[in-house]
Structure formats: C-alpha cells, structure tokens
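Hi everyone, thanks for making time. I'd like to walk you through a structure that may be new to you, so have a look at the screen.

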Amino acid sequence: TTILLLFSGLAINYLNYENKSAEYARQILPDFKYNDKQISVIHNLILFAKLLNEPVNHFEKIIYDLKTEYFGRSDYLKLYKLQYLEYVENVENISIREWKKQQITLLQKHDFYTLSAKRLREVTAENQIKNIESDNWE
C-alpha cells in the first residue's frame, strides 16, 4: 500500500509530493478498513521516503531502495538527464554542471540495503560516477 501511494502526491505538488501522498493516505485508507496503527505506519514510511535517512527497519530499507533503484540501472545516464529536465521544469533552473555535481554527491553516499536491490544492481555507484564524469552532456 505504501508503494502504491508513495508517488500519488506528485499530481498535487512536485516539490513536497511525499507530504501530499502521506495526507492522501490518511484520507483514503480508513475507507479501505485500515486501522489507525496501519495508517500511521504507512504515513510514516511515506514521509521517510522524503528524507531518505539511514533506514532502521526492513520496511524503510525497501522504501529507500525503491526510491534509489535507478542508481544501479544500466540506463541511469538517460534517467538522470530526464530527471534533470523534470527538476528544471518543476523546481528551479540549475546548470547541468551543478546537477551532475549533485548526482555524484548522491552516488558517493549511496548504498543499497536489501539483498534483492544489491543483486539486481547492474552498475556500481563508482561506475555511475565515472559515467557522469565522462559524459559530455553540457
């Protein structure tokens, strides 16, 4: 349920979509017979996805890996360029150079937490950084 609702807030607010998704979860889940405790867990997991702090339980590890799964994909360069265009359209106009720098910083700090995410990784973070650095996209 958390995964289904995680990105629902994008229809309302790009920058703070997790907050809107969490609010939406609180609104609709009682109609599907979720109890208050279940709703709180889902609400908190959605908000965890916004901050992507160090996960402390299995559910947070799954959410973390879900939000960052594209880091390990072979088509990452294409995806980070599309994400840049989306960001510029919805948030702020930053240079491609600054975007690359931000992505490298994210990759340097990143690690997958679940065994399945580690096994499904096609490209290491180190190789993604090398790919960005050698990419002449300006």
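Let me start with a question: which helices each supply at least two residues of the lining of the second largest pocket? Keep that in mind while we get our bearings.

First off, what you see is a predicted model. The chain has eight helices and zero strands, so if you read along the sequence you just get α-α-α-α-α-α-α-α. Taken along the principal axes, the C-alpha atoms fill a box of roughly 50 × 35 × 20 Å. There are 138 residues in the chain, and 36% of them are buried.

Okay, pockets. The largest pocket holds about 1100 Å³ of space. It is lined by 33 residues, and the ones closest to its centre are Tyr17, Leu52, Lys67, Tyr70 and Gln83. Several helices chip in here: H2 (17–28), H3 (36–51), H4 (58–68), H5 (76–90) and H6 (96–109) each give the lining at least two residues. Sorted by class, that lining comes out as 19 nonpolar, five polar and nine charged residues.

Now for the second largest pocket, with about 170 Å³ of space. Here 13 residues do the lining, and Asp65, Glu69, Phe112, Ala117 and Leu120 sit closest to the centre. And back to my opening question: the helices are H4 and H7 (115–120), each with at least two residues in that lining. By class, the lining of this second pocket has five nonpolar, three polar and five charged residues. Notice that H4 has now turned up in the lining of the largest pocket and in that of the second largest pocket.

Let's move to the surface, where H4 comes up again. Ile3, Phe7, Leu10, Phe59, Ile62 and Leu66 form a nonpolar patch there, and together they have about 500 Å² of accessible area. Which helix gives the most to the nonpolar patch? That would be H4, with three residues.

Let me pick out one member of the patch, Leu66, which is found in helix H4. Is Leu66 buried or partly exposed? Leu66 counts as partly exposed, because its relative accessibility is 32%. For a patch, a residue needs over 30% relative accessible area, and Leu66 is at 32%.

So, if you take one element home, make it H4: it helps line the largest pocket, helps line the second largest, and gives the most to the nonpolar patch. That's it from me, thanks for listening.

Conventions: Residues numbered from 1 in each chain as written. Predicted model: local features only at pLDDT ≥ 70, side-chain atom pairs only at ≥ 80, totals over all residues. Heavy atoms only, no water. 1 Å grid on protein atoms, 1.4 Å probe; cavity = no way out; pocket = protein on both sides within 12 Å on 5 of 7 lines; lining within 4 Å. Points joined across faces, edges and corners; volume = space filled by probe spheres on them. Helix = DSSP H or I, 4+ residues; strand = E, 2+ residues; numbered from the N terminus. Nonpolar A, V, L, I, M, F, W, Y, C, P; charged D, E, K, R; others polar. Patch = residues over 30% accessible without salt bridge, like charges linked within 9 Å, V, L, I, M, F, W, Y side chains within 5 Å. Areas by Shrake-Rupley, 256 points an atom, 1.4 Å probe, with all protein chains shown as cover. Salt bridge = Lys/Arg side-chain N within 4 Å of Asp/Glu carboxyl O. Buried < 20%, exposed > 50% of the residue type's maximum accessible area, 1.4 Å probe, protein only.
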